[in-house]
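Here's a walk through this model, one region at a time. Keep the 3D view open and click along as you read.

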Amino acid sequence: MFENTTKFPTTRLRRLRTPAIRRMVKATTLSVDDLIAPLFIDENLGAPQPISSMPGVRRETPASVVYEAKILADLGVPAVVLFGIPKEKDETGTHAYGDDDVVQNATRDIKAELGDDMVVITDLCLCEYTTHGHCGMVDYETEEVLNDPTLPILGKTAVSHARAGADIVAPSGMMDGMVAAIRSALDESDFSNTPIMSYAAKYSSSFYGPFRDAAESGYSFGDRSTYQMDPANSDEALREVEQDILEGADIVMVKPALPYLDIIYRVKHEFKMPTAAYNVSGEYSMVRGAVDKGWLDEKAIMESLISIKRAGADMILTYFAKDVATKLKK
Ligand code: PBG
């Protein structure tokens, strides 16, 4: 690619780095259209509650979440992704799929208030709803997380979200066959036009720590390494994404984002699919914490999000959405 280019002093790459010309040759931009804001709704709360490991992020009440979504819509943020913390948990995650449960109610309320001004994406996982905190059904004797028995429950949950008005459902449990199960459940219930954003390459990551405080979704035994991916693997991510595309995923996601920019790059270049990246809770806390302490300049926030786009992401789920949208509006 480079054999025909000239050399210094004919070539001086600094010529294009003057303040005036710099912006003309900028190859990657971050727009408010790229942002998806995660929101936590806790059915047990009477007032919003700060999350200590995620400064600036709160758990919303069923009422305050609508207000928060309205602020985001006014800033031009196109979408939110909803996570629910139910009043009651049980072994099989019953409150993940009731018509009157936390995410279903919040979806209905946000859509009633904002309509097409806010795309509601619902996270489709059982870990916030199960007493054991795993993303699937569990055999207590063997402590195994069971794949196939989980699939119909994910299908049922997806349909309940769609019925409440969800624009996109987003399965995050890393069960094999989950996209196919959800696609056919939606199609059978007349929701063939509801897209699936699949958490396709989701790694078993320590960067989810603060989220587990936020969503009360920590597990009571073992870890998630029998279903989420090994951080050491790269080709396997392509196999995961390929399966999800074959099963009917409309948007594929890589998660986390910053420590996995190589995976975002490979996925985008291999499949050319609409590709989302999740700038997860630990990435947020790491950068936010350092900025708050004065160890990093605030520009580090924009730089990390631009890096995720440069790697190939079309959209970014990020707890910085509100801050960045505010900044972009100015
Ligand atoms: C649920 C889920 C998790 C996240 C999104 N959906 C946590 C996990 O898998 O343990 C993490 C999001 C974040 O860290 O911001 N399966």
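## Helix α10

Let's begin with helix α10, residues 299-311: its 13 residues reach 18 Å from the first C-alpha to the last, close to the 18 Å expected at 1.5 Å a residue. Bear in mind throughout that this is a predicted model.

Which residues of α10 are buried? They are A300, I301, S304, L305, S307, I308, K309 and A311. An α-helix has 3.6 residues a turn, so residues three or four places apart point the same way. The buried residues of α10 pack against three helices and two strands by name: α8 (261-271), α9 (281-292) and α11 (321-329), plus β11 (275-279) and β12 (315-318). Right behind the helix comes G312, with a positive phi near 135°.

## Helix α4

Now move to α4, residues 151-164. At 1.5 Å a residue its 14 residues should span 20 Å, and the end C-alpha atoms are indeed 20 Å apart, so the two values agree. This helix is mostly covered, with 11 of its 14 residues buried. Among them are L151, I153, L154, V159 and H161, and the small residues G155, A158, A162 and A164 are on the buried list too.

What covers the buried residues of α4? The cover includes α3 (102-114) and α5 (178-188), along with strands β5 (119-124), β6 (137-139) and β8 (168-171). Just after α4, G165 takes a positive phi of about 115°.

## T122 and its link to α4

T122 sits in strand β5. Is T122 buried or exposed? It counts as buried because its relative accessibility is 0%, below the 20% cut-off. The T122 side chain makes a polar contact with the side chain of H161, at 2.8 Å, and H161 is one of the buried residues of α4.

Leaving aside neighbours within four places in sequence, T122 is also in contact with L82, V103, T107, A166, I168, V169 and A170.

## H134 in its loop

Look next at the loop between β5 and β6, where you'll find H134. With a relative accessible area of 1%, H134 falls under the 20% cut-off and is therefore buried. A polar atom of the H134 side chain lies 2.8 Å from the backbone oxygen of F221.

If you set aside residues within four places in sequence, H134 is in contact with L126, C127, V145, Y219, F221, D223, R224 and Y227.

## The nonpolar core

In soluble globular proteins, nonpolar side chains tend to be buried together. Here the largest nonpolar core has 107 residues, and F40, I110 and M197 are those with the most contacts inside it.

Which residues does M197 touch? Not counting residues up to four places away in sequence, M197 touches I36, I121, I168, V169, A170, P171, I251, M253, A276 and M315. Of these, I168, V169 and A170 also appear among the contacts of T122.

## Cavities

How many cavities of 30 Å³ or more are there? The count comes to 2. The largest cavity holds about 110 Å³ of space. Its lining has 16 residues, and the closest to the centre are C127, S172, K202, F211 and K255. The elements giving two or more residues to that lining are β9 (197-202) and α6 (209-214).

C127 turns up twice in this tour: it lines the largest cavity, and it is in contact with H134.

## Backbone oddities

Most residues other than glycine have a negative phi, and most peptide bonds are trans. A few spots in this model go the other way. The peptide bond from F8 to P9 is cis, with omega near 10°, and P9 lies in the segment before α1 (19-22). The peptide bond from K255 to P256 is cis as well, with omega near -10°; P256 is in the loop between β10 (251-255) and α8.

As for phi, M174 has a positive value of about 55° although it is not a glycine. M174 lies in the loop between β8 and α5, and it counts as buried because its relative accessibility is 4%, under the 20% cut-off. K272 also has a positive phi, near 50°, and its place is in the loop between α8 and β11. K272 is exposed, since its relative accessible area of 61% is over the 50% cut-off.

Notes
Residues are numbered from 1 along each chain as its sequence is written. This is a predicted model: local features need pLDDT of at least 70, side-chain atom pairs count only at pLDDT 80 or more; totals for chains, interfaces and linings use all residues. Side-chain values use heavy atoms; hydrogens and water are left out. Helices (H or I, at least four residues) and strands (E, at least two) are DSSP runs, numbered from the N terminus. The expected span of a helix is 1.5 Å times one less than its number of residues. Buried means under 20% relative accessible area, exposed over 50%, partly exposed in between (1.4 Å probe, protein chains only). Contact means heavy atoms within 4.5 Å. A nonpolar core is a set of buried Ala, Val, Leu, Ile, Met, Phe, Trp, Tyr and Cys residues joined through side-chain atoms within 4.5 Å. A polar contact is a pair of N or O atoms within 3.5 Å; within protein, one must be able to donate a hydrogen and the other to accept it, and residues adjacent in sequence count only if both atoms are side-chain atoms. On a 1 Å grid over the protein atoms alone, a cavity is a set of points where a 1.4 Å probe fits but cannot get out, and a pocket is an open set with protein on both sides within 12 Å along at least five of seven lines; lining residues have an atom within 4 Å of a point. Grid points are joined across faces, edges and corners, and a volume is the space filled by probe spheres set on the points.
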